[in-house]
Amino acid sequence: MSEKIVTLAELRANSTKDNLYILIHEKVYNVTKFLDEHPGGDEVILSEAGQDATEAFEDVGHSDEARELLPGMLVGEFEKNSELKLKSGAAAAQASRVSSAVVEQGSSVMYWAPLGLLAAWFGYRFYTTGAPY
Ligand code: HEM
């Protein structure tokens, strides 16, 4: 099966309530009929018309059920090298950078807290056992 390639011009030409394409993870979906059924409302999807909706779609944390609806609305693959900067790659890289920074911060606390307690204990022992001399 050869997949249709959707151009940026086509994506932008289908950006009204009566004819709406949406771009998620480098694929274009026809959500015209789905708009009224969307649990998150039609405005949020409409506001992503003509651009890359990947980030908005992922930020909501859509369920697997929501993701399973996508193939049924597929129009085709979005053209590579379009003037529209695709978010999937960059957004994913940024998300992993942020989470690894949080992990690093967390682990340095995990490292210093017990060390501080140990130092405090030795300090306490020094003063209680060493004081008479
Ligand atoms: C074709 C694409 C989309 C499909 C198939 C879809 C499907 C769904 C489904 C099934 C839910 C119910 C909760 C769940 O199962 O996760 C939902 C909720 C939601 N969606 Fe989407 N969605 C799409 C695109 C979008 C986009 C582009 C946005 C944001 C711009 C969006 C925003 C929301 C919000 C905010 C909710 C939460 C509603 C609530 O809990 O009150 N959705 N969507």
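**Exercise 1. Find which atoms of the ligand and of histidine 38 come together, then look for other polar contacts.**

Step 1: start at histidine 38, where an N or O atom of the side chain is 2.7 Å from a nitrogen atom of the ligand. That fits a polar contact (a pair of N or O atoms within 3.5 Å).

Step 2: hop over to histidine 62, whose side chain has an N or O atom 2.8 Å from a ligand nitrogen.

Step 3: check serine 63; here a ligand oxygen lies 2.4 Å from an N or O atom of the side chain.

A quick word on the model: it is predicted, so local features need pLDDT of at least 70, side-chain atom pairs count only at pLDDT 80 or more, and totals for chains, interfaces and linings use all residues. Residues are numbered from 1 along each chain as its sequence is written, and side-chain values use heavy atoms, with hydrogens and water left out.

**Exercise 2. Describe the shell around the ligand.**

Step 1: count the neighbours. 18 residues surround the ligand, each with a heavy atom within 4 Å of it.

Step 2: sort them by class, and you get 13 nonpolar, 4 polar and 1 charged; Gly goes with the polar ones, while Asp, Glu, Lys and Arg count as charged.

Step 3: ask who chips in most. That's α3, with 3 residues (helices are DSSP runs of H or I, at least four residues; strands are runs of E, at least two).

**Exercise 3. Trace the partners of β4.**

Step 1: β3 (residues 19-24) and β4 (residues 27-30) run antiparallel, joined by 4 bridges; pairing takes at least two DSSP bridges. Tyrosine 21 faces asparagine 30.

Step 2: β4 also pairs antiparallel with β5 (residues 74-78) over 3 bridges, with glycine 76 as the bridge partner of valine 28.

Terms used:
Polar contact = N/O pair within 3.5 Å; in protein donor to acceptor, adjacent residues only side chain to side chain.
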